[in-house]
Amino acid sequence: MAYVYKGTKRDEDTPAQAPRIPRPVKPGEFDPSACGTYAGYRRHQKHGVPTCRDCKTAMAAYSRDRYKPRPPKGFTPEACGTYPGYSRHEYHNVPPCDPCKAAKLEYQKQWREAIRSKPPSPPTIRKQCATYAGYMRHQRAAEKPCDKCRDAYTQYMSKYRTRRRAA
Ligand SMILES: [Zn+2]
Ligand SMILES: [Zn+2]
Ligand SMILES: [Zn+2]
């Protein structure tokens, strides 16, 4: 008689979980059979039924799962070393590699330089000048604020700060 190692029978002892087949639900009819799962939670929402405790727990577990760092599934390093490549790391929750980190720094540097290379134009004096609105108008036009507007802005900010302190 051949010796049969018990371990080989293990698969039979633990049946695979039967796939959950979503049962069709008539609109307006709440079916609690899925309670304690995320699907159950959704069912509460769909039917406007207050969430039961089991479903609340399931939902909490679901969001915990969802927001924990995901394995780098779907991440391909083909864009690495570019700024879009860096974004891919963020999207897939993969720590950025060195070429991508460098690409991001380079991108930020260029961006800052682009801003710096565009000096604000001299202020255009408008009707709103010497008011906060006038100051904002200069800003929108990428102009340096005129002196009167700068004063108005400083006053506005200090008033704003006192108001906040009083609140
Ligand atoms: Zn429930
Ligand atoms: Zn990379
Ligand atoms: Zn002005």
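Here is a quick tour of how this chain is built and how its helices pack.

What you're looking at is a predicted model. The chain has 7 helices and 0 strands, so, by the rule that helices and strands are DSSP runs numbered from the N terminus, the names used here are H1 to H7. Buried residues account for 10% of the 167 residues in the chain. Two helix pairs get most of the attention here: H4 with H5, and H6 with H7.

**The big picture**

- If you walk along the sequence, the pattern you meet is α-α-α-α-α-α-α.
- Take the contacts between residues at least 6 apart in sequence: 5% of them join residues at least 24 apart.

**H4 and H5**

- Helix H4 covers residues 83-92 and helix H5 covers residues 98-116, and the two pack at an angle of about 120°. Their axes are 8 Å apart.
- That angle makes H4 oblique to H5.
- The crossing of H4 past H5 is left-handed.
- Who does the touching? From H4 come Tyr 83, Gly 85, Tyr 86 and His 89, while H5 brings Cys 100, Ala 103, Lys 104 and Tyr 107.
- Sort the residues of this H4–H5 contact by class and you get 5 nonpolar, 2 polar and 1 charged.

**The two sides of H4**

- Tyr 86, Arg 88 and His 89 are the residues to look for here: in H4, they are buried.
- These buried residues span an arc of only 155° around the axis, which puts them on the same side of H4.
- Flip to the other side of H4 and you'll find Pro 84, Glu 90 and Tyr 91, which are exposed.
- What do the buried residues of H4 pack against? They pack against H5.
- Just after H4 comes Asn 93, with a positive phi of about 60°.

**A closer look at Ala 103**

- Ala 103 sits in helix H5, and it is one of the residues in the contact with H4.
- Is Ala 103 buried or exposed? It counts as buried, because it has 20 C-beta neighbours inside 10 Å.
- Setting aside neighbours within four places in sequence, Ala 103 is in contact with Gly 81, Thr 82, Tyr 83, Gly 85 and Tyr 86.
- Pick Gly 85 from that list: Gly 85 and Ala 103 are 18 residues apart in sequence, and their C-alpha atoms are 8.4 Å apart in space.

**H6 and H7**

- Helix H6 (residues 132-140) packs with helix H7 (residues 147-166) at an angle of about 115°. The axes of H6 and H7 are 8 Å apart.
- H6 goes past H7 in a left-handed crossing.
- On the H6 side, the meeting residues are Tyr 132, Gly 134, Tyr 135 and His 138. They meet Cys 149, Arg 150, Ala 152, Tyr 153 and Tyr 156 in H7.
- By class, the contact of H6 with H7 has 6 nonpolar, 2 polar and 1 charged residues.
- Which residues of H6 are buried? They are Gly 134, Tyr 135 and His 138.
- Those buried residues take up an arc of only 105° around the axis, which puts them on the same side of H6.
- H7 is included in what covers the buried residues of H6.

**Two alanines with a positive phi**

- Some background first: most residues other than glycine have a negative phi.
- Ala 130 goes the other way, with a positive phi near 75°. You'll find Ala 130 in the loop between H5 and H6.
- Ala 130 is partly exposed, because 17 other C-beta atoms lie within 10 Å.
- Ala 142 isn't a glycine either, yet it has a positive phi of about 55°. Its spot is in the loop between H6 and H7, just after H6.
- Ala 142 is exposed, because it has 11 other C-beta atoms within 10 Å.

**Glu 29, out in a loop**

- Glu 29 belongs to the loop between helix H1 (10-13) and helix H2 (38-47).
- Why does Glu 29 count as exposed? Because it has 7 C-beta neighbours inside 10 Å, and 12 or fewer makes a residue exposed.
- Glu 29 and Lys 46 are 17 residues apart along the chain, and 9.7 Å separates their C-alpha atoms.

Definitions and conventions. Residues are numbered from 1 along each chain as its sequence is written. Chains are lettered from A and ligands numbered from 1 in the order in which they are written. This is a predicted model: local features need pLDDT of at least 70, side-chain atom pairs count only at pLDDT 80 or more; totals for chains, interfaces and linings use all residues. Axes are lines fitted to C-alpha atoms, for helices over the stretch in contact, and angles run from 0 to 180 degrees between N-to-C directions. Helices (H or I, at least four residues) and strands (E, at least two) are DSSP runs, numbered from the N terminus. Angles under 35 degrees count as roughly parallel, over 145 as roughly antiparallel, 65 to 115 as roughly perpendicular and the rest as oblique. A crossing is left-handed if the near helix is turned anticlockwise from the far one by less than a right angle, and right-handed if clockwise. Two residues are in contact if their C-beta atoms, placed from the backbone, lie within 7 Å. Ala, Val, Leu, Ile, Met, Phe, Trp, Tyr, Cys and Pro count as nonpolar, Asp, Glu, Lys and Arg as charged, and the others, Gly among them, as polar. The arc is that of the directions from the helix axis to the C-beta atoms.
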